[in-house]
Structures are given as C-alpha cells and as structure tokens.
Amino acid sequence: MYGRKIAIITGASSGIGYEATLEIDRRFNSLEEIWIIGRNEEKLNALAAKLHRSVRIIMMDVTKQSDIDALEGLLDQYEPNIRMLFQSAGEGLHGRFMERTAKDQTYMIDLNCKALTNIAHICIPYMRKGSHMINLASSAGFIPLPSFAVYGASKAYVLNLSRALNYELAKRRIHVMAVCPGPVDTPFFDKSERYYDDETFMKFKSLFMNTPKRVAKKAICDAALYKSVSTDTILITALRFISKLYI
Ligand SMILES: NC(=O)c1ccc[n+]([C@@H]2O[C@H](COP(=O)([O-])OP(=O)(O)OC[C@H]3O[C@@H](n4cnc5c(N)ncnc54)[C@H](OP(=O)(O)O)[C@@H]3O)[C@@H](O)[C@H]2O)c1
C-alpha cells in the first residue's frame with residue numbers, strides 16, 4: 001500500500017546536511033532509498049558513493065518554484081513513504097541591516113523560510129506514523145540579533161514553525177524537531193563573513209564552535225527521543241533557557 005521507505009535530505013552536499021546523510025545511512029537500516037538534494041553535482045556524487053543503499057541525486061535550487069514543482073512531481077510519481085525529511089539547506093549573511101542589500105536579505109528569507117516551508121508542505125502527505133521531520137533552525141533564532149538580524153529572524157521562524165507543526169502533526173504521530181546549534185565549523189562561514197568581521201561574534205564563535213558531525217549525530221539521537229528542539233551542547237542549552245528571560 002505504501003511506497004518505498006525513503007529519507008530526503010536538503011543541503012546534503014555540505015556541512016551538517018552531508019554529515020546527517022551519512023548518519024541516517026548508518027542508523028536507519030529499514031530505509032530503502034535516500035534522496036539527496038543540492039546544487040553541487042560533484043559533491044552529491046561523492047556523497048552518494050559513500051552510502052550503502054540506493055540513492056537518488058536531485059539537483060535543485062530549492063528557492064526556485066519550478067524546482068519545487070519538479071520535486072512534487074517526483075513524489076507524485078513514486079508515492080514514497082518518507083520516514084525522514086532532514087532540511088539543512090540554508091545560509092546566513094552577517095552585517096548591519098542597512099549595509100546589506102534588500103535583495104541579499106530577502107534571498108535569505110526565500111531560502112531559509114520559504115523553501116523549507118514549501119518542501120515541508122509537499123512532503124507531509126507522504127509521511128506516516130513514526131516519520132520524522134528535522135529542520136535546521138539555529139541558536140541565532142533564540143533572541144533578536146543585531147548585525148545578523150534577518151538570519152536570526154529567519155531561524156526564529158524555522159524554530160517556531162517546527163514546534164507548531166510538531167503539535168499539529170502529533171495526531172498523525174509525525175514528529176517534527178528544530179535543530180538549534182551554536183556555531184558549527186562548515187563552509188557556512190565562508191559566505192556569511194565575506195563582508196563582515198565582528199570581534200564579539202568571533203569570540204562567541206571560537207568559544208562555542210562544534211563539528212558538523214557531532215551536531216548531526218546529536219540531532220538524529222534527539223529525534224529518536226522525540227524532542228521538539230535539539231541543542232548541540234550544554235552551553236547552547238543554557239543559552240536557550242537564559243534567552244527566555246530576554247524581553
Ligand atoms: N554552520 C553554522 O554555524 C550553523 C549554525 C546554526 C545553524 N546552521 C544552519 O544549518 C544549515 C546547514 O548549514 P551548514 O553549516 O551545513 O552550511 P553549508 O556547509 O554551507 O551547507 C549549506 C547547504 O545548503 C545548500 N544550499 C544552499 N542554498 C541552496 C539552494 N538555493 N538550493 C539548494 N541547496 C542550497 C548547499 O548546497 P549546494 O551548495 O549544493 O546548493 C549546502 O549543501 C543551514 O540552514 C544553516 O543556517 C548553521
């Protein structure tokens with residue numbers, strides 16, 4: 001009655017999404033196929049070669065409606081049973097609001113919020129009891145962040161959307177979790193800091209920096225425990241609760 005059991009990972013070509021794909025491949029023996037999404041074909045091919053089951057490489061720009069429509073078409077064609085949707089595609093641009101272009105900042109909203117929402121919406125009909133959706137938010141979503149304002153706001157959106165969906169989908173026993181790491185050592189910072197170098201943030205970064213492998217592993221473990229929010233270290237967990245005192 002149900003199609004093949006699959007996992008879908010966006011942002012699989014790099015960083016946290018890449019490590020999450022390896023971890024999902026290692027841990028979820030019942031999966032029949034893994035669909036990996038990104039724009040960098042070379043990196044996706046290299047990742048596919050490391051996986052132990054059938055892989056579908058989906059080259060797509062998640063901000064393009066035509067690419068979202070194509071993914072929806074694939075789901076319609078194969079009617080898979082999505083056991084895991086891991087949404088990691090995203091970027092963050094540092095800098096004061098008026099020093100960045102509106103175009104760059106609204107692109108962040110398109111990528112971090114709109115694309116993630118579109119993909120959740122087309123995938124949920126193919127998720128069943130016991131399926132997981134894991135969305136990459138960030139500890140940057142805990143409080144308003146001057147000089148990282150749009151990024152922080154976009155991640156607050158992902159955090160709140162995920163928690164709300166976790167309630168909405170509880171009746172169908174579909175679990176939704178937001179991942180809120182501190183700084184993670186990935187190519188994310190090559191882009192985010194290209195035009196900006198803030199001393200306070202650099203100190204915060206060096207104090208909290210984690211590896212993508214540890215963040216991905218912790219997220220998959222926390223999903224197995226049906227947590228609604230995954231934080232990567234005790235310090236970031238403390239930051240989450242302290243931030244609730246901020247008005
Ligand atoms: N690194 C951190 O400190 C940190 C901390 C907290 C949260 N996060 C969040 O974690 C997630 C993953 O970040 P990361 O650190 O792993 O960064 P990363 O190594 O730069 O990976 C970003 C991924 O997003 C994909 N992507 C970007 N734009 C895309 C588009 N338009 N269409 C399709 N795929 C796109 C990239 O794939 P292609 O290049 O192949 O398109 C890449 O696989 C992001 O949502 C980020 O906001 C990161």
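## Aromatic pairs and charges over rings

Select Phe 188 to begin: this residue is partly exposed, at 23% relative accessible area (buried is under 20%, exposed over 50%, partly exposed in between, with a 1.4 Å probe and protein chains only). The model is predicted, so local features need pLDDT of at least 70 and side-chain atom pairs count only at pLDDT 80 or more, while totals for chains, interfaces and linings use all residues. Residues are numbered from 1 along each chain as its sequence is written, and side-chain values use heavy atoms, with hydrogens and water left out.

Add Phe 189. The ring centres of Phe 188 and Phe 189 are 5.2 Å apart with planes at 85 degrees, so this pair is edge-to-face (rings of Phe, Tyr and Trp, the last by its six-membered ring, pair if their centres lie within 6.5 Å; planes under 30 degrees apart are stacked, over 60 edge-to-face, the rest tilted). Phe 189 is buried, at 10% relative accessibility.

The count of aromatic pairs is four. One of them joins Tyr 151 and Phe 188: centres 5.5 Å apart, planes at 55 degrees, and therefore tilted. Tyr 151 belongs to helix H5 (residues 149-168) and Phe 188 to helix H6 (residues 188-192), 37 residues apart in the chain; helices are DSSP runs of H or I with at least four residues, numbered from the N terminus. Tyr 151 is buried, at 7%.

Now add Phe 148, which forms one aromatic cluster with Tyr 151, Phe 188 and Phe 189.

Move next to Arg 56. Its charged end sits over the ring of Tyr 78, 4.4 Å from the centre (CZ of Arg or NZ of Lys within 6 Å of the ring centre and within 35 degrees of the ring normal). Arg 56 also lies over the face of Trp 35, 5.3 Å from the ring centre.

Conventions
Helices (H or I, at least four residues) and strands (E, at least two) are DSSP runs, numbered from the N terminus.
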